[in-house]
Amino acid sequence: MPSTTNQVIRCKAAVAWEAGKPLVIEEVEVAPPQKMEVRIKILFTSLCHTDVYFWEAKGQNPVFPRILGHEAGGVVESVGEGVTDLQPGDHVLPVFTGECKECAHCKSEESNMCDLLRINTDRGVMINDQKSRFSINGKPIFHFVGTSTFSEYTVVHVGCLAKINPLAPLDKVCVLSCGISTGLGATLNVAKPKKGSSVAIFGLGAVGLAAAEGARISGASRIIGVDLNANRFELAKKFGVTEFVNPKDHTKPVQEVIAEMTNGGVDRSVECTGHIDAMISAFECVHDGWGVAVLVGVPHKDAVFKTSPLNLLNERTLKGTFFGNYKPRSDIPSVVEKYMNKELELEKFITHELPFSEINKAFDLMLKGEGLRCIIRMGE
């Protein structure tokens with residue numbers, strides 16, 4: 001194999017040329033990694049709703065042409081200046097947020113919101129020199145959340161790469177680089193339900209089901225799934241959900257329904273939809289005295305959370321979380337080990353697989369609301 005170190009690599013990438021238009025498989029040039037950067041070969045990527053949201057570009061600054069993608073697994077091809085903890089051949093998961101290990105957040109045991117590498121959806125270039133590493137015929141193609149995994153090769157800041165067990169199957173653990181870890185960590189790291197407790201999960205998409213999986217792992221005895229789509233209830237049983245509430249089936253607010261079902265409220269709730277009414281319901285449905293509600297879903301930027309202060313004074317706790325409170329480099333390798341030790345099941349999240357050449361079908365599946373995660377096999 002001729003070495004590609006310090007060389008421009010030509011490879012295939014799925015380029016979003018404009019909002020809402022099908023991605024186009026193009027030959028792109030991927031520049032070598034610069035200071036504190038790593039170039040990786042992506043072997044598997046999956047589609048997350050965030051990719052679709054920024055592809056549609058309805059609610060934020062459109063940045064095009066762009067290479068989307070942020071849930072993936074790959075192998076280090078080469079490293080840039082200053083990179084000491086990764087080397088060619090290492091197996092990694094790229095993550096949309098990072099861990100510089102130097103800032104106040106990274107040094108805090110309580111935070112994972114790195115000052116340097118926190119998610120920035122508007123930035124389409126690398127931090128080091130404000131330039132893109134992707135181009136077609138000399139024209140730059142923008143990055144997406146520092147990962148851009150819909151390319152056979154990509155360049156990522158070293159702080160956004162989790163080095164994982166090389167025996168872990170990348171076609172399974174790649175889903176841990178975003179949504180599954182977000183939901184799982186919201187329960188395990190933030191809600192922290194006790195064994196035998198009751199947990200309500202609002203929204204039974206992939207993130208909500210990962211939150212339910214966290215409740216199952218914690219030994220919760222009642223896991224109540226709340227969703228407007230009754231078709232999701234059967235699948236949710238695989239993730240430990242024991243009871244279901246469809247707000248459309250009731251005339252009273254869903255928080256009152258849950259309070260009646262649970263003799264005053266659930267011990268913990270996790271909100272994974274981002275709809276403000278669901279957020280309020282998730283908080284108001286927890287038991288006074290000890291109930292904890294955790295908000296995961298991202299609301300509309302103008303949304304306002306309204307509740308009586310008495311709900312807080314009566315000893316209910318409201319918390320938020322970002323990426324399940326996991327630090328990418330420090331914590332994600334141990335989540336991979338949970339899978340390797342069979343504590344965590346990932347296969348049930350993977351409902352479809354497609355070759356890279358058919359990536360637009362994955363978008364179609366997500367737009368139709370079919371399945372949870374679609375694994376895209378690169379190089380096919």
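Visitor: Which strand do 7 bridges join to E1, and do the two run parallel or antiparallel?

Guide: A word on terms: helices (H or I, at least four residues) and strands (E, at least two) are DSSP runs, numbered from the N terminus. Two strands pair if DSSP finds at least two bridges between them. Here, E1 is joined by 7 bridges to strand E2 (residues 24-30), and they run antiparallel. Cysteine 11 stands opposite valine 28 in E2.

Visitor: What am I looking at overall?

Guide: This is a predicted model, where local features need pLDDT of at least 70 and side-chain atom pairs count only at pLDDT 80 or more, while totals for chains, interfaces and linings use all residues. Residues are numbered from 1 along each chain as its sequence is written, and side-chain values use heavy atoms, with hydrogens and water left out.

Visitor: How many residues of strand E1 are buried?

Guide: Buried means under 20% relative accessible area, exposed over 50%, and partly exposed in between (1.4 Å probe, protein chains only). In strand E1 (residues 9-15), 5 of the 7 residues are buried, so the strand is largely enclosed by the rest of the structure.

Visitor: In what order do the strands of the open sheet come?

Guide: Follow E12-E11-E10-E13-E14-E15: these 6 strands form an open sheet with parallel pairing. Strand E12 (243-245) and strand E15 (317-320) stand at the edges with a single partner strand each, so one side of each has no neighbour in the sheet. On average, neighbouring strands here are turned by 20° against each other, direction ignored. One pair is strand E10 (residues 198-202) with strand E13 (residues 268-271), over 4 parallel bridges. There, phenylalanine 202 has glutamate 271 in E13 as its bridge partner.

Visitor: Which strands do H4 and H5 touch?

Guide: Contact means heavy atoms within 4.5 Å. Axes are lines fitted to C-alpha atoms, for helices over the stretch in contact, and angles run from 0 to 180 degrees between N-to-C directions. H4 packs on the sheet, touching E13, strand E14 (292-295) and E15, and its direction makes about 145° with that of E13. H5 also packs on the sheet, touching E10, strand E11 (222-226) and E13, at about 170° to the direction of E10.

Visitor: At what angle do the axes of H4 and H5 cross?

Guide: Angles under 35 degrees count as roughly parallel, over 145 as roughly antiparallel, 65 to 115 as roughly perpendicular and the rest as oblique. The axes of helix H4 (residues 179-191) and helix H5 (residues 206-218) come within 7 Å and cross at roughly 40°. That makes H4 oblique to H5. Among the residues that meet are Leu184 and Leu188 in H4, and Val207 and Ile217 in H5.

Visitor: Which residues of helix H8 are buried?

Guide: In helix H8 (residues 276-284), they are Ala278, Met279, Ile280, Ser281, Ala282 and Phe283. Their cover includes E10, helix H7 (254-261) and E13.

Visitor: Where should I look for unusual backbone angles?

Guide: Most residues other than glycine have a negative phi, and most peptide bonds are trans. The bond from phenylalanine 64 to proline 65 is cis, with omega near -10°. Proline 65 lies in the loop between helix H1 (49-56) and strand E4 (71-79). Asparagine 137 has a positive phi, near 50°, and sits in the loop between strand E6 (134-136) and strand E7 (139-141).

Visitor: Is asparagine 137 buried or exposed?

Guide: Asparagine 137 counts as exposed, at 78% relative accessibility.
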